[in-house]
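Visitor: Hi! I have this model open on my screen and would like to walk through it with you. Can we start with the overall picture?

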Amino acid sequence: MIDNQKVINFIQDFSCAKLEQLQIIFDDNKNSFKSILSSNMVSKKGNVFVHNTKQINEEMLVALDILCKYKNRYVKFYKNYEPIFISFMTNDNLLYHIIVANEENKKGVVTLVRSYPLSIPLADKLILAFPDKESLSDIGCNIPFLYCTYPNLEIVNV
C-alpha cells in the first residue's frame with residue numbers, strides 16, 4: 001500500500017500529475033489514487049491530479065511523461081527550475097535534464113541550450129521536448145541530447 005502523504009507531497013512538488021503517471025512512478029497500476037482526494041489538498045480535473053495551491057502545468061505533464069519512459073533506468077529524480085523541469089540520475093550514474101519548451105519560449109530555450117554550460121546546470125545528457133520539429137536544426141550543444149516533439153513524444157533525432 002502506498003503512503004498517501006508521499007503521493008500528496010509528490011503532487012505538491014510537481015504541481016500536477018496524470019493518473020497513469022502516478023501509477024508508473026509509484027509502481028501501482030491498479031491504484032486509482034482516489035484516496036488522496038479526501039485530504040482536501042488535491043483535486044482531480046479529468047485524469048489529472050492537481051495540488052490545490054498549484055495549477056495544471058502542461059509542460060510538467062510532458063516532463064513527467066518523459067520521466068515515466070525512463071522508469072526502469074532512474075534511481076532518483078527531482079523537480080528543477082524552468083526550463084529544466086525534471087532532473088534524474090540513472091543506474092549508470094548519468095545525470096539527465098528534461099527540458100520542455102512551449103510555443104512562447106522555444107526560441108529562448110534554444111538560446112539557453114546553445115550556450116550550455118553557461119546558462120543551465122551541468123548534465124551528462126539532455127532530453128529536449130518541443131511542440132514541433134522546427135527548432136531541431138537551430139540546436140547546437142556540446143553534450144548528447146534527445147529531441148522529441150509532444151504531445152505524442154515522437155523522437156526526432158537519435
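Guide: Happy to. This is a predicted model, and of the 158 residues of the protein chain, 47% count as buried.

Visitor: How many helices and strands are there in the protein chain?

Guide: The protein chain has 4 helices and 9 strands. Reading from the N terminus, the elements run α-β-α-β-β-α-β-β-β-α-β-β-β. The radius of gyration is 16 Å, close to the 15 Å that the globule rule gives for 158 residues, so the chain is as compact as a globular protein of that length.

Visitor: And what box do the C-alpha atoms fill?

Guide: Roughly 45 × 35 × 25 Å, taken along the principal axes. On the contact side, take the pairs between residues at least 6 apart in sequence: 49% of those contacts join residues at least 24 apart.

Visitor: Let's do sheets. In what order do the 6 strands of the open sheet come?

Guide: The order is β4-β5-β6-β7-β8-β9, and the pairing is mixed. The edges are taken by β4 (74–79) and β9 (154–155); each has a single partner strand, so one side of each is left without a neighbour in the sheet.

Visitor: Which way do β5 and β6 run relative to each other, parallel or antiparallel?

Guide: Antiparallel, with 5 bridges joining β5 (residues 84–90) to β6. One pair you can click on is I86, whose bridge partner in β6 is I98. Helix α3 (residues 58–69) packs on this sheet, touching β4, β5, β6, β7 (125–130) and β8 (145–149), and its direction makes about 15° with that of β5.

Visitor: What about the sheet with 3 strands?

Guide: That one is open too, in the order β1-β3-β2, with antiparallel pairing. Its edge strands are β1 (16–18) and β2 (42–45), each pairing on one side only. Neighbouring strands there are turned by 25° against each other on average, direction ignored. Between β2 and β3 (residues 48–51) there are 4 bridges, and K44 stands opposite F49 in β3.

Visitor: Where does α3 lie with respect to β1 and β3?

Guide: Helix α3 lies across both, running at about 50° to β1. Helix α1 also lies across strands of this sheet, namely β1, β2 and β3, at about 80° to β3. In the other sheet, α1 lies across β4 and β5, at about 55° to β4.

Visitor: Since you brought up α1, which of its residues are buried?

Guide: In α1 (residues 4–14) they are V7, I8, F10, I11 and F14. Seen down the axis of α1, these buried residues fall within an arc of 155°, so they line one face of the helix. That fits a general pattern: an α-helix has 3.6 residues a turn, so residues three or four places apart point the same way.

Visitor: And what goes on at the start of α1?

Guide: There, a side-chain oxygen of D3 reaches to within 3.2 Å of the backbone nitrogen of Q5. Just after the helix, S15 takes a positive phi of about 75°.

Visitor: Switching topic: H97 caught my eye. Is that one buried or exposed?

Guide: H97 is buried, because its relative accessible area is 1%. You'll find H97 in strand β6 (residues 95–100), and its side chain reaches the backbone oxygen of P121 at 3.2 Å. Leaving aside neighbours within four places in sequence, the contacts of H97 include N80, I84, I86, S87, L122 and K125.

Visitor: Last topic, backbone oddities. Which residues does a cis peptide bond join?

Guide: One joins E82 and P83, with omega about 10°; P83 is in the loop between β4 and β5. The bond from Y150 to P151 is also cis, with omega near 25°, and P151 is in the loop between β8 and β9.

Visitor: What is the phi of N93?

Guide: Near 65°, a positive value in a residue other than glycine. N93 is in the loop between β5 and β6 and is exposed, with a relative accessible area of 58%. N40 has a positive phi as well, about 60°; N40 is in the loop between α2 (19–25) and β2, and is exposed with a relative accessible area of 62%. For context, most residues other than glycine have a negative phi, and most peptide bonds are trans.

Conventions: Residues are numbered from 1 along each chain as its sequence is written. This is a predicted model: local features need pLDDT of at least 70, side-chain atom pairs count only at pLDDT 80 or more; totals for chains, interfaces and linings use all residues. Side-chain values use heavy atoms; hydrogens and water are left out. Helices (H or I, at least four residues) and strands (E, at least two) are DSSP runs, numbered from the N terminus. Buried means under 20% relative accessible area, exposed over 50%, partly exposed in between (1.4 Å probe, protein chains only). A polar contact is a pair of N or O atoms within 3.5 Å; within protein, one must be able to donate a hydrogen and the other to accept it, and residues adjacent in sequence count only if both atoms are side-chain atoms. Contact means heavy atoms within 4.5 Å. The arc is that of the directions from the helix axis to the C-beta atoms. Two strands pair if DSSP finds at least two bridges between them. Axes are lines fitted to C-alpha atoms, for helices over the stretch in contact, and angles run from 0 to 180 degrees between N-to-C directions. The radius of gyration is taken over C-alpha atoms; the globule rule is 2.2 Å times the number of residues to the power 0.38.
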